[in-house]
Amino acid sequence: MSPTAGASDAAQCSRAGCRADAAWQVVWRNPRIHAADRRKVWAACTDHVEFLRDYLASRNFPVEVLALAPASAS
């Protein structure tokens, strides 16, 4: 059995120090260095989704918040 067997496959929040399961995806790009088709995704828990969105929006980055799709069973 591997050391991660039984561990959750859920995405974790991208906020520094947070290990909560993510429920949202914060999709963004830096238009100064990324082409329009290049987008980055941060995972966010319910407690930090607004913080992460506001952090990016305050830098004038295009940002979109979407529900995180549940992981499909294999």
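Let us start with one residue: Leu66 counts as partly exposed because its relative accessibility is 30%, where buried means under 20% relative accessible area, exposed over 50%, and partly exposed in between (1.4 Å probe, protein chains only). The model you are looking at is predicted, so local features need pLDDT of at least 70 and side-chain atom pairs count only at pLDDT 80 or more, while totals for chains, interfaces and linings use all residues. Residues are numbered from 1 along each chain as its sequence is written, and side-chain values use heavy atoms, with hydrogens and water left out.

Leu66 has its place in strand β3. Strands (E, at least two residues) and helices (H or I, at least four) are DSSP runs, numbered from the N terminus. Leu66 touches Trp24, Gln25 and Val27, leaving aside residues up to four places away in sequence; contact here means heavy atoms within 4.5 Å. Ala23 lies 43 residues from Leu66 in sequence, with 8.9 Å between their C-alpha atoms.

From here we can step out to the sheet. It is open, has 3 strands in the order β2-β1-β3, and its pairing is antiparallel. At the edges are β2 (40-44) and β3 (63-67), each of which pairs on one side only. Neighbouring strands of this sheet are turned by 25° against each other on average, direction ignored, using axes that are lines fitted to C-alpha atoms (for helices over the stretch in contact) and angles from 0 to 180 degrees between N-to-C directions. Strand β1 (residues 24-28) and β3 pair in the antiparallel sense over 5 bridges; two strands count as paired if DSSP finds at least two bridges between them. Along β3, Glu64 is the residue opposite Val27. In general, strands of a sheet pair through backbone hydrogen bonds.

Now for the helix, and a question: which residues of α1 are buried? They are Val49, Leu52 and Leu56. These residues cover an arc of only 75° around the axis, so they sit on the same side of α1; the arc is that of the directions from the helix axis to the C-beta atoms. Among the elements covering them are β1, β2 and β3.

Helix and sheet come together in the largest nonpolar core, whose 7 residues are Val26, Trp28, Ala44, Val49, Leu52, Leu56 and Phe61. Such a core is a set of buried Ala, Val, Leu, Ile, Met, Phe, Trp, Tyr and Cys residues joined through side-chain atoms within 4.5 Å. β1 and α1 (49-57) each supply at least two of its residues, and α1 gives the most, with 3. Leu56 touches Val26, Trp28, Trp42, Phe61 and Val63, not counting residues up to four places away in sequence.
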